[in-house]
Structures are given as C-alpha cells and as structure tokens.
Amino acid sequence: MPSTVRTLKLPSGEAVPVLGQGTWKMGEDRRRRADEVAALKLGFDLGITLIDTAEMYASGGAEEVVAEAIAGRRDETFLVSKVLPSNASRAGVKRACEASLKRVATDRIDLYLLHWPGSVPLSETVEAFEALKSQGKIRHWGVSNFDTDEMENLVSLPSGGNVQTNQVLYNLSRRGLEFDLAPWSRRRRIPLMAYSPVEQGALARNARLEAVAARHNATAAQIALAWIMMQDGVIAIPKAGRQEHVRQNAAALDIALTAEDLAELDRAFPPPTRKRGLEMI
C-alpha cells in the first residue's frame, strides 16, 4: 500500500488527494450496505479521504451509506456532493443542500457541485452556492459535466471564478476532453475530477491494458487508474464496493508508467485530434 496519497491543490489552495472514492450505485441494495460501508472505511484507513456522492445516487441512499462510513471520522473526510439541475434555483439549492446535510449527518459539505448544466440561469446557482458558503453549509463549490464553452461562461459571471473543480467523464477510452477542456482547465488551475476512470469496469477486461499490466505485476484496471492519476491536474474517483477492490485502487498509486507504457497506451487509445462534444454517462 502507498505510504502517502499524492495530493493536488484546489484553486483555494486546499490540498486534496488525487485518488478519491466514488459512491455512484451505492445505497441501491441494503444487502450490500455493510460491504459498501466497510470499503469506504478501509479507504479512509489507506488515506483515500476524498469521498464523492450526490443527492441523485440511489435517491439519497448513497449519502446515507457515506454517513455511516464517516461517523466519528468527519474531520478526516473531504466530502463532495452534488445538486441536481432541477434543484439549482436559489431556494432549490438551499433545500437540496440541507437535505444532503441531514442524510450525511454533518454540518457542512466540503465541495458542492452542480451535477450538470440545466435550465436554471447559472448566475442564480452561483449566487445560491455563495450564500451557502457564507452560511458555512458548504466550504467550496464547483460543477460537473461542463464543457469548455460552459466553463468560459461560468468564470465570466460574478463570483464564477470561485469554481474549484469540474467533474467529468474521463478515462483512456474517453479522451475527447484532452483537445480543449483539459488544457483550458490546467491554464486556470481548475482540477478535473474524473468519474468512471475504469469505464464502469470495461477497461478492467481490456487485452491491450492487460499487456501493459503484465509488465507491472498489476491488473488492467490498475493501469487505467494509474494512467488517469498521472494526468496533470486530475483527481480520480473510482467506486469500489468491496475492500479488496479498494486495496487494488490504492496500490495503483505506486505504479510508475514508463514512456514505453504511455506510448503503447496512446497507440491503443489515441488522443483526440479535433474537438468533440463532452461525453456523459
């Protein structure tokens, strides 16, 4: 296991781990709850203290799993949650945040994200986020599934420059954002938070990744995760519902991909040569 988890800094200057724990699809089956809670707790023990959840996941059920996992350890945790676009009005953001706080059994969310762009004027959502900050209910805010033009619009708004991250679909098989969004974000030092970094398990069964993994005594999933964590300004948030899976994710921090590995991965998963629309799942 890694002795320390690497960190990167948010625009606020706060350091967060480059490896977090996702919770999408947690809380959907009570028979799996004990395993999910145990997996999250093990992640904390291994230094994976950033945890990502959302009001949408299992209709709040994932937040309740998180509450059980962080009980007694809240101050160790960097908690990320998200508000649905349908709740992104001034009043809606306040109600949604308070409901999330109740489900997670905490008094603050460290990073609160707009889950994807919606019909509510973005300026109104930003104002609501800033109000929650002033009330101490959230510490920072950001967005999710925003393409480059949407980020440009965001940072042009009053207080829009306070955005701390953009959570996006990013992995070896989904590299389109490298054409413009990733460089734009690096220039502004706004980290990307990569969800589904192993493409919901699909990359764990990829023969081309397995060839690279064999040289590192690793799994294909670990290579996919090591690659995403090597990207400048990127945080990976894989979901792991079992303790062994958490250990494997943590071990990926110690994999040092070589120039030969990276060239082979580029041949297998070519970077984009033109602008593509931002992908979502």
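# Strands, pockets and salt bridges: a friendly tour

User: How many bridges join strand S7 (residues 138-144) to S8?

Analyst: Glad you started here! This is a predicted model, and in it S7 and S8 run parallel. One of the links involves valine 143, whose bridge partner in S8 is asparagine 166. The number of bridges joining S7 to S8 is 2.

User: Which residue in S9 is the bridge partner of glutamine 167?

Analyst: Let's move to the pairing of S8 with strand S9 (residues 192-195). These two strands pair in the parallel sense over 4 bridges. The bridge partner of glutamine 167 in S9 is methionine 193.

User: Are the residues of strand S8 (residues 166-169) buried or exposed?

Analyst: Look at where the side chains go: Asn166 and Val168 point one way from S8, while Gln167 and Leu169 point the other way. Buried means under 20% relative accessible area. On both sides of S8, these four residues are buried.

User: Is the β-α-β unit made by S8, helix H6 (residues 181-187) and S9 right-handed or left-handed?

Analyst: Follow the chain from S8 through helix H6 to S9. Those three elements make up one β-α-β unit. Its hand is right-handed.

User: Which strands stand at the edges of the open sheet?

Analyst: The sheet has 8 strands in the order S3-S4-S5-S6-S7-S8-S9-S10, with parallel pairing. An edge strand here has a single partner strand, so one side of it is left without a neighbour in the sheet. The two that fit are strand S3 (21-22) and strand S10 (234-236).

User: What is the bridge partner of glycine 22 in S4?

Analyst: Here we are looking at S3 and strand S4 (residues 50-52). They pair in the parallel sense over 2 bridges. In S4, the partner of glycine 22 is aspartate 52.

User: What is the volume of the largest pocket?

Analyst: Let's set the scene with the volume, about 750 Å³. Of the 39 residues that line this pocket, Trp24, Gln200, Gly201, Pro238 and Lys239 are the closest to its centre. Helix H1 (33-45), helix H8 (220-230) and helix H9 (243-251) each supply at least two lining residues. So that you have it at the end, too: the volume of the largest pocket is about 750 Å³.

User: How many residues in the lining of the largest pocket are charged?

Analyst: Sort the lining by class, beginning with 15 nonpolar residues. There are also 15 polar residues. That leaves the charged class, with 9.

User: Which element gives the largest share of the lining of the second largest pocket?

Analyst: This pocket has a volume of about 200 Å³. It is lined by 15 residues, and Arg186, Arg189, Ile190, Pro191 and Gly233 lie nearest its centre. Strand S1 (7-9) and H6 are the elements that give two or more residues to the lining. The largest share, 3 residues, comes from H6.

User: How many charged residues are in the lining of the second largest cavity?

Analyst: The structure holds 2 cavities of 30 Å³ or more, and about 50 Å³ of space lies in the second largest. Its lining is Gly20, Gln21, Ile48, Pro238, Ala240, Val246 and Asn249. By class, that gives 4 nonpolar and 3 polar residues, and the number of charged ones is none.

User: Is glutamate 124 buried or exposed?

Analyst: Glutamate 124 meets arginine 90 in a salt bridge (3.7 Å, N to O). The pair links distant parts of the chain, with arginine 90 in helix H3 (residues 90-104) and glutamate 124 in helix H4 (residues 122-134), 34 residues apart. Arginine 90 counts as partly exposed at 46% relative accessibility. Glutamate 124 has a relative accessible area of 18%, and since buried means under 20%, it is buried.

User: What separates lysine 133 and glutamate 130 in helix H4?

Analyst: Lysine 133 and glutamate 130 form a salt bridge, with their closest N and O atoms 3.6 Å apart. Lysine 133 is partly exposed, at 28% relative accessible area. Because they are 3 residues apart in helix H4, the two are separated by about one helical turn.

Terms used: Residues numbered from 1 in each chain as written. Predicted model: local features only at pLDDT ≥ 70, side-chain atom pairs only at ≥ 80, totals over all residues. Heavy atoms only, no water. Buried < 20%, exposed > 50% of the residue type's maximum accessible area, 1.4 Å probe, protein only. Pairing = 2+ DSSP bridges. Right-handed = clockwise from strand over helix to strand, strands pointing away. 1 Å grid on protein atoms, 1.4 Å probe; cavity = no way out; pocket = protein on both sides within 12 Å on 5 of 7 lines; lining within 4 Å. Points joined across faces, edges and corners; volume = space filled by probe spheres on them. Nonpolar A, V, L, I, M, F, W, Y, C, P; charged D, E, K, R; others polar. Salt bridge = Lys/Arg side-chain N within 4 Å of Asp/Glu carboxyl O.
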